[in-house]
Amino acid sequence: MSGSDPFCQSRRFRRGAALTLVFAGALVTGAATGSFPDPAGSGRGAAFQGAARATVRPEAVQKAAAEAMADGKSPMEAAERAVSRSGDRWGAVYSQGEYQEFKEALDGQYTGVGLWARRAGDGRIEVTKVQSGSPAATARIRKGDRLRSVDGTAVDGRPVTEVVALLRGDALDAPAGTAVRLGLERGARTWSETLRRARLSTDSVTVRRLSAGVTVIRIDAFTKGAGDVVRSAVRQTPAGAGIVLDLRGNSGGLVTEAVTAASAFLDGGLVATYDVDGEQRALHAEARGDTTRPLVALVDGGTMSAAELLTGALQDRGRAVVVGSRTFGKGSIQMPTRLPDGSVAELTVGHYRTPSGHTVDGRGITPDLVAGRRALERAETVLSGLGDPS
């Protein structure tokens, strides 16, 4: 890509940010958003992307890419321009390698350094977790450290997704084994550390038991198999014990996995409706889920896409009390289209709604009870009122 073309550089950076939305709170290489099974049988998945409805058809993007290829120009750059002109905020074009990483990330794999982080109120990027056995762990980076820069680029004030794109090396399509230099701070100490990106696996679902007998099931992303892990965790929770379903910072994943997770708490019925090019479709839970035990869903502004779909289903069906802050509002649908050079373009084709017909895109989901930093404590209090968690 030409260094003199800021337009394409900007589009490429946005594409990298989109690719990391599933792991928006983690400084790793991740995937973009979740995927529907393709009901039309065309072999194309549909990804949730918070965006305006596209004003250009996939055929137009394919044509622009094909004409560029015939003229000896970059098909990806031509497709990026077509997507940008469509007005689709989250429309994106991925190289073959990037799209392969997208699919691998949805299988729970990623290329990165093994850092999870958040942006603090003052804009600083703080490490919240270091994955065991990762390059970051080997370098003895630890929770609470501040990330100041990535390869010389200051990260203060940047969205975490942009920081992720820098760590991934999206501008260079950097694979595992490539180096990335981090500027770090711990107390009064500042230092630099050069790490090499590695292929890592992530456990997107974690389960822990609180002293009060409450089980907390945290879902970081709806990667392959996450729904079955949730169902297994529910079955293994003692009878009558309350459950906190922690969806804070969960920015999406496979929609099928979110529906499977919903099936752990519902006895069949509607999970969401969605449209693809105006044709209405529906997603349903499987029967015989646990419908009796007390349940609270924890959400925040980082709860997006498939996580909002699950939250909306549990809230509208009266199955869970939702605690936290308003969710992100990312409820539109994209279809990927293969381009002549093997790259993939995604354009918005529709939106989904909760069982009660509420639109999520651009609005988010309002919790039943607003809570901030002490949201988990508030959830425990709510559970004590819903039933005896002992």
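This report describes the overall make-up of a predicted protein model and three of its helix contacts.

## Overall make-up

The protein chain contains ten helices and 22 strands. It has 390 residues, of which 56% count as buried. The accessible surface of the chain comes to about 15,900 Å², and carbon and sulfur atoms hold 47% of that area.

Among contacts in the chain with a separation of 6 or more, 70% are between residues 24 or more positions apart.

## Helix α8 and its burial

Helix α8 covers residues 255–263. Eight of its nine residues are buried, so α8 is largely enclosed by the rest of the structure. The buried residues are Val255, Glu257, Ala258, Val259, Thr260, Ala261, Ala262 and Ser263. Two contacts of this helix are described next, one with α9 and one with α7.

## α8 against α9

The axis of α8 comes within 9 Å of the axis of helix α9 (residues 306–316), and the two cross at roughly 25 degrees. Because angles under 35 degrees count as roughly parallel, α8 and α9 are roughly parallel to each other. The crossing is right-handed.

On the α8 side, the contact is made by Val255, Ala258, Val259, Ala261 and Ala262; on the α9 side, by Ala306, Leu309 and Leu310. These residues divide into eight nonpolar, with no polar and no charged ones.

## α7 against α8

Helix α7 spans residues 226–236, and its axis comes within 7 Å of that of α8, at a crossing angle of roughly 10 degrees. The pair α7 and α8 is therefore also roughly parallel. Here too, the helices pass in a right-handed crossing.

From α7, the residues Ala226, Gly227, Asp228, Val230 and Arg231 meet Glu257, Thr260, Ala261 and Ser263 of α8. The make-up of this contact is three nonpolar, three polar and three charged residues. Ala261 of α8 takes part in the contact with α7 and also in the contact with α9.

## α2 against α3

A further helix contact lies earlier in the chain, between α2 (residues 58–70) and α3 (residues 75–85). Their axes come within 8 Å and cross at roughly 150 degrees. This crossing is right-handed.

Val61, Ala64, Ala65, Ala68 and Met69 of α2 make the contact with Pro75, Ala78, Ala79, Ala82 and Val83 of α3. The contact consists of ten nonpolar residues, with no polar and no charged residues.

Key: Residues numbered from 1 in each chain as written. Predicted model: local features only at pLDDT ≥ 70, side-chain atom pairs only at ≥ 80, totals over all residues. Heavy atoms only, no water. Helix = DSSP H or I, 4+ residues; strand = E, 2+ residues; numbered from the N terminus. Buried < 20%, exposed > 50% of the residue type's maximum accessible area, 1.4 Å probe, protein only. Contact = heavy atoms within 4.5 Å. Areas by Shrake-Rupley, 256 points an atom, 1.4 Å probe, with all protein chains shown as cover. Axes fitted to C-alpha atoms, helices over the stretch in contact; angles between N-to-C directions. Parallel < 35°, antiparallel > 145°, perpendicular 65-115°, else oblique. Left-handed = near helix turned anticlockwise from the far one by under 90°. Nonpolar A, V, L, I, M, F, W, Y, C, P; charged D, E, K, R; others polar.
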